[in-house]
Amino acid sequence: MEIKIQAIHFDATDKLQSFVNKKVEKLQKTYEDITKAEVQLKVVKPATSLNKQTSLTVTVPGTTLFVEKTCDTFEEGVDLCLDSMKVQLTKFKEKLRDR
C-alpha cells in the first residue's frame, strides 16, 4: 500500500507524519487489497478552534472511498477518519462477498 501525506498551509513535523503512517497502515488489517491511501492535512482558519481539516482517500480495486473530518488536532482528525474508513471498508467488503 502506498501512503501519501499532504500538508496544506503548514509544514508537517516528522512526528505527525510517522503518526499518520502508523495509523493508516493499520487499515490493511480491515481490508488487504488497498492500493493507495492519501491523507490531506489542512489548516482552515488559523485563529479559530476546530481549524484542522483531515481528509482520507483510500483507493481499492473498483472504487475510491473518501472521509473528511474537522477537529482541534490532526491526531484526533486522523483517528476519526480511520474509524469512519474502517466502517466504509467493512461495508465494501460485505458487498463484494454478497456478489
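This passage walks through a strand hairpin and the salt bridges in a predicted model.

The hairpin comes from two strands, S3 and S4. Strand S3 covers residues 52-60, strand S4 covers residues 63-71, and the two run antiparallel to each other, held in register by nine bridges. To pick out one spot in this pairing, Thr57 has Phe66 in S4 as its bridge partner. Just two residues sit between the strands of the hairpin, and here Gly62 adopts a positive phi near 100 degrees.

Turning to charged side chains, the model has two salt bridges. One of them joins Asp79 and Lys23, with N and O 3.3 Å apart. Asp79 belongs to helix H3 (residues 74-98) and Lys23 to helix H1 (residues 14-25), so this contact links parts of the sequence that lie 56 residues apart. How open to the outside are these two side chains, buried or exposed? Neither label quite fits: Asp79 is partly exposed at 29% relative accessible area, and Lys23 is also partly exposed, at 22%. With the cut-off for buried set at under 20%, the 22% of Lys23 puts this residue in the partly exposed class.

The other salt bridge pairs Lys36 with Glu38, and its closest N and O atoms are 3.3 Å apart. Here too the partners are partly exposed: Lys36 has a relative accessible area of 28%, while Glu38 comes in at 24%.

Methods
Residues are numbered from 1 along each chain as its sequence is written. This is a predicted model: local features need pLDDT of at least 70, side-chain atom pairs count only at pLDDT 80 or more; totals for chains, interfaces and linings use all residues. Side-chain values use heavy atoms; hydrogens and water are left out. Two strands pair if DSSP finds at least two bridges between them. Helices (H or I, at least four residues) and strands (E, at least two) are DSSP runs, numbered from the N terminus. A salt bridge is a side-chain nitrogen of Lys or Arg within 4 Å of a carboxyl oxygen of Asp or Glu. Buried means under 20% relative accessible area, exposed over 50%, partly exposed in between (1.4 Å probe, protein chains only).
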